[in-house]
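Work through the exercises below with the structure in view. Try each task before reading its solution.

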Amino acid sequence: MALTADVVIIGGGATGTSIAFHLAARGVRDVIVVDKGFVASGATGKSSACVRQHYSTTETCRMIRYSLDVFERFEDLTGGGSCGFRRTGYLLGVDERMQRPMEASVALQRGVGIETRLVSPSEMREARILEETEVLAIRVEGNRIRGVDTSRGPIEAPRVVNAAGLWGAGIGAMVGVEIPITVCRHKINIVTWPEAAQRPHPMVYDFVTNIYTRPELSEHILVGGLDAEESHDLADPDRYKEGVSLDESMSALARVSHRFPVLAEGRIARGYAGCFDVTPDWHPILDRVGPEGSFVAVGFSGHGFKLSPAVGHMMAALIAEGPGAHPDLDTFRLSRFIEGKPIRGTYGDWLMC
Ligand SMILES: Cc1cc2nc3c(=O)[nH]c(=O)nc-3n(C[C@H](O)[C@H](O)[C@H](O)COP(=O)(O)OP(=O)(O)OC[C@H]3O[C@@H](n4cnc5c(N)ncnc54)[C@H](O)[C@@H]3O)c2cc1C
C-alpha cells in the first residue's frame with residue numbers, strides 16, 4: 001500500500017532536512033524526507049562548514065544572519081545537541097580593485113537585522129526520513145502533484161519539494177521544469193602548519209590568490225579554491241574523482257603560502273573533492289514551479305551549508321502560505337534567468353560572494 005504524506009521532500013541534505021524542520025515548526029508535520037543514499041550523503045557531508053557573514057546582497061545577508069543565529073543556538077532550538085559551531089572570526093583579503101565593493105558590502109551588511117524563532121524538540125522529531133529510497137518519478141495528474149514513485153514503492157502527497165542538490169536538474173525534468181544547474185568539482189586540501197607556527201586564526205577569504213581557508217582543529221588549515229575556473233571542471237555527481245591529484249595539492253599549497261608564507265614549510269595532510277550545484281548567477285533557486293504542489297530549493301553554488309537554516313525557514317513559509325510569505329523569495333525565483341535579471345552582488349563577476 002502506498003505511504004501517504006502532506007509533503008515529500010526529495011533530498012536529505014542540509015536543505016531538505018532544514019525545510020522539514022521548519023515545516024514542522026509551522027505545524028506541517030505530515031512530512032517524509034526521501035534520500036537515495038543516507039542523510040548528508042551528498043554535498044552536505046563534504047561541506048567545509050565555513051559560516052561567514054560577508055555577503056554582498058541584502059537578501060543573502062539577511063539569510064546568513066538568520067542562519068548564524070540558528071547555528072549558535074542549535075542545541076536550544078533543536079534539542080539535538082550542539083552542532084559544534086565555533087566562532088573563529090573572519091578576515092577578507094582584498095586588493096585595491098576590491099576595496100570599494102567591499103566597503104559597499106560592509107555598509108549593506110550593517111543595515112541588516114536578525115530573524116530568530118524557537119522550535120521545540122518534540123516538533124523536531126515529527127519528520128519521517130526514508131534512507132536508501134530513490135525517487136524514480138513524480139506523479140502528476142492534470143496539473144497537480146499526486147506523489148512520487150520510489151525504489152521502495154509509491155508515496156501519495158499533494159506537495160513535493162526538490163531539494164536534491166547536485167541531482168536537482170534531473171528531478172526538475174521529472175515535472176517538465178528545466179533547472180539551469182551545472183555540477184562542478186570543488187577541491188579541498190588540509191595542510192599541516194609547521195609546529196612553531198600553530199596558533200588560532202580567523203577564516204580567510206582571499207580574492208588575490210583565489211583561496212579560502214579556515215582553521216581545522218589546531219594543527220591544520222583547510223584550503224579551498226575560489227576560482228571561477230572551478231566552474232569549468234564539470235563533473236557527474238555519481239562518478240567524479242573524489243581524491244585530489246598531487247598537482248592540485250601543490251597548486252593549493254603554492255597559493256596558500258603566498259598569503260601565509262610560513263606554509264611553504266607546511267605539509268599536505270590529506271585532500272578530497274566534492275561537487276557544487278552551480279546556477280548561472282551562483283545563487284540558489286527557491287520557488288514554486290511546474291505543476292501545482294511542486295517546489296524547488298536547489299543550486300546553492302557552494303553556499304548551501306551556511307544558508308540552510310534560512311532556506312528551510314523561507315521554503316516552509318512558501319509551502320505553507322504561498323509566495324508572499326517571505327519578502328526575499330522573489331529574488332530567488334527561477335524566472336530571473338529567462339528575464340535576464342540574474343542576482344549580482346557588489347563584487348561583479350566574483351559570483352561566489
Ligand atoms: C567540498 C565542499 C565544500 C563546501 N564548503 C561549504 C562551506 O564552507 N560553506 C557552505 O555554506 N557551503 C559549502 N559547500 C556547499 C554545501 O555543502 C552545499 O551547498 C549544501 O550541502 C547543499 O545541501 P543540499 O541539501 O541542497 O544538497 P545535498 O547535500 O547534495 O543533498 C541532496 C540529497 O538529495 C539526494 N537525492 C538526489 N537525488 C535523489 C533521488 N532521486 N531520490 C532521493 N534522494 C535523492 C542525495 O542523495 C543527497 O543526499 C561545500 C560543498 C563542497 C562539495
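A residue is buried if 20 or more other C-beta atoms lie within 10 Å of its own. Keep that cut-off in mind for the first exercise. The model is predicted.

**Exercise 1. Describe strand S9 and its partners.**

Task: Which residues of strand S9 point one way, which point the other way, and are they buried or exposed?

Solution:
- Step 1. Strand S9 covers residues 159–162. Arg-159 and Val-161 point one way.
- Step 2. Val-160 and Asn-162 point the other way. All are buried.
- Step 3. Turn to the neighbours. Strand S2 (residues 7–10) runs parallel to S9, and 4 bridges join them. Ile-9 stands opposite Val-161 in S9.
- Step 4. Strand S16 (residues 294–298) also pairs with S9, through 3 bridges, and the two run parallel. There, Val-296 is the bridge partner of Asn-162.

**Exercise 2. Locate the largest nonpolar core.**

Task: How many residues does the largest nonpolar core have, and which have the most contacts inside it?

Solution:
- Step 1. The core has 66 residues.
- Step 2. Val-8, Ile-9, Ile-10, Val-31, Val-161, Ala-297 and Met-315 have the most contacts inside it.
- Step 3. Helix H8 gives the largest share of this core, 9 residues.
- Step 4. Both domain 1 (3–181 + 281–336) and domain 2 (182–278) give residues to this core, so it lies between them.
- Step 5. Look at Val-8. Leaving out residues up to four places away in sequence, Val-8 touches Ile-32, Val-34, Gly-147, Val-148, Ile-155, Ala-157 and Val-160.
- Step 6. Another core, of 15 residues, lies apart from the largest one. Among its members are Val-191, Trp-193, Val-223 and Ala-252.

**Exercise 3. Examine where the domains meet.**

Task: How many residues of each domain are in contact with the other?

Solution:
- Step 1. The C-alpha centres of domain 1 and domain 2 are 26 Å apart.
- Step 2. On the domain 1 side, 25 residues are in contact with 24 residues of domain 2.
- Step 3. Strand S4 (residues 90–93) gives the most to this side of domain 1, with 4 residues.
- Step 4. By class, this side of domain 1 holds 13 nonpolar, 9 polar and 3 charged residues.

**Exercise 4. Map the shell around the ligand.**

Task: How many residues surround the ligand, and which are the closest?

Solution:
- Step 1. The shell has 39 residues. Gly-13, Gly-42, Gly-165, Gly-274 and Gly-304 are the closest.
- Step 2. Helix H1 (14–25), strand S10 (182–192), strand S14 (267–278) and helix H8 (304–321) each supply at least two residues.
- Step 3. Domain 1 and domain 2 each provide at least three.
- Step 4. The shell divides into 17 nonpolar, 17 polar and 5 charged residues.

Key. Residues numbered from 1 in each chain as written. Predicted model: local features only at pLDDT ≥ 70, side-chain atom pairs only at ≥ 80, totals over all residues. Domains from an automatic or database assignment. Contact = placed C-beta atoms within 7 Å. Nonpolar A, V, L, I, M, F, W, Y, C, P; charged D, E, K, R; others polar. Near = placed C-beta within 6 Å. Buried ≥ 20, exposed ≤ 12 C-beta atoms within 10 Å, placed from the backbone. Pairing = 2+ DSSP bridges. Core = buried A, V, L, I, M, F, W, Y, C linked by C-beta atoms within 7 Å.
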